Amino acid sequence: MSERNLVLLGPPGAGKGTQAERLVDDFSLPYYATGNILREAIAAESELGKKAKEIVEAGDLVPDDLISAVIEERLDSGEADDGFLLDGFPRTIGQAEMLQEALEKRGRRLTAALLIEAPDEEVVRRLSGRRQCVKNGHVYHVDFNKPKHDGVCDIDGTKLVHREDDKPETIAHRLAVYHDQTEPLVERYDETGLLRRFDGTRPPDEVHGHIRATLAVLRLEEDL
Ligand SMILES: [Zn+2]
């Protein structure tokens, strides 16, 4: 078995998205970020997509079993036979158990849970300074990645905004939810030997190199 069945974990702002893009490039893995695959299911108007659409339009949270079913649909599509990269699910122990069951049913298992760590104060510093253009979502930072002209996107000239998600009150809430729900999951993956930790305060290139090296070692171990 030489699949790369991967889960990405970490607080908001630790750089999961950046690392996900690179891993997807490296290994041609399908990337299953919860929001994206739900949107894709809705756009495809599959049975599950129709269910998800009703729930989303009613402003309700999509239940775990529906998210799991959407992921399973993708697992069975053939595109994920060599592996996948999950982001945003699982976030809780209950969701992780659902995923494990779904994989076991298919004779598969997780290869690793990649945790990109960053302390709360670093997360707040990164996210609170983030500005995004309204048109295409290009991301800037008031300290680390300033646009050429204040408040205007370099690429398309549209206005930069401070997203609701990146305001201090919201960040504090997102961090509280992360500590409350996901830390127990991190412990669980640590106990079961699946967890690999990465220092999200290091430069993205370095984190990426470290993840690649770790995945190479996992592959060697599997071949033994
Ligand atoms: Zn832009």
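**Cavities**

I searched the whole structure, a predicted model, for cavities and found one of 30 Å³ or more. On a 1 Å grid over the protein atoms alone, a cavity is a set of points where a 1.4 Å probe fits but cannot get out. Volume here is the space filled by probe spheres set on the points, with grid points joined across faces, edges and corners. The largest cavity comes to about 50 Å³. I listed its lining, meaning residues with an atom within 4 Å of a point: Glu 3, Arg 4, Leu 6, Thr 111, Leu 215, Leu 218, Arg 219 and Glu 222. Two elements give two or more residues to this lining, β1 (4–9) and α8 (204–223). The largest share, four residues, is from α8. Elements are DSSP runs numbered from the N terminus: helices are H or I with at least four residues, strands are E with at least two. By class I noted three nonpolar, one polar and four charged lining residues. Nonpolar covers Ala, Val, Leu, Ile, Met, Phe, Trp, Tyr, Cys and Pro; charged covers Asp, Glu, Lys and Arg; the others, Gly among them, count as polar.

**Ground rules**

Residues are numbered from 1 along each chain as its sequence is written. In this predicted model local features need pLDDT of at least 70 and side-chain atom pairs count only at pLDDT 80 or more, while totals for chains, interfaces and linings use all residues; side-chain values use heavy atoms, with hydrogens and water left out.

**Second largest pocket**

A pocket is an open set of points with protein on both sides within 12 Å along at least five of seven lines. I read about 240 Å³ for the second largest one. Its lining has 14 residues; Gln 100, Leu 110, Tyr 189, Thr 192 and Leu 194 lie nearest the centre. Both α5 (93–105) and α7 (168–191) supply at least two of the lining residues. α5 gives the most, seven residues. The classes are seven nonpolar, two polar and five charged.

**Five-stranded sheet**

Next I traced the open sheet β2-β3-β1-β4-β8, five strands with parallel pairing. Two strands pair if DSSP finds at least two bridges between them. At the edges are β2 (31–33) and β8 (195–199), each pairing on one side only. Neighbouring strands are turned by 20° against each other on average, direction ignored. Axes are lines fitted to C-alpha atoms, for helices over the stretch in contact, and angles run from 0 to 180 degrees between N-to-C directions. I counted four bridges between β1 and β4 (residues 112–117), in the parallel sense. Leu 6 has Ala 112 of β4 as its bridge partner. α8 packs on this sheet and touches β1, β4 and β8, its direction making about 160° with that of β8. Contact means heavy atoms within 4.5 Å. Leu 6 also appears in the cavity lining.

**Three-stranded sheet**

The other sheet I followed is open and antiparallel, in the order β6-β5-β7. β6 (139–141) and β7 (160–161) each have a single partner strand, so one side of each is left without a neighbour in the sheet. β5 (residues 130–133) pairs with β6 over three bridges. Arg 130 stands opposite His 141, and Arg 131 has Tyr 140 as bridge partner. Between β5 and β6 is a hairpin with five residues in between; Gly 137 in the turn has a positive phi of about 75°. Two bridges join β5 to β7. One bridge partner here is Val 161, for Gln 132. Helix α6 (residues 120–128) lies across β5 and β6, at about 35° to β5.

**Zinc site**

Which protein atoms are donors of the zinc ion? I found Cys 133 (SG), His 138 (ND1), Cys 153 (SG) and Asp 156 (OD), with Asp 156 (OD) listed twice, 2.1 to 2.7 Å from the ion. Donors are N, O and S atoms within 2.8 Å of the metal (3.2 Å for Na, K and Ca); water is not among the atoms, so sites may look incomplete. The spacing along the chain is C-x4-H-x14-C-x2-D. His 138 sits in the loop between β5 and β6, Cys 153 in the loop between β6 and β7, 15 residues apart.

**Backbone oddities**

Most residues other than glycine have a negative phi, and most peptide bonds are trans. I logged two exceptions. Phe 89 and Pro 90 are joined by a cis peptide bond, omega about 0°. Pro 90 is in the loop between β3 (83–87) and α5. Ser 28, not a glycine, has a positive phi of about 50°. Ser 28 is placed in the loop between α1 (16–27) and β2.
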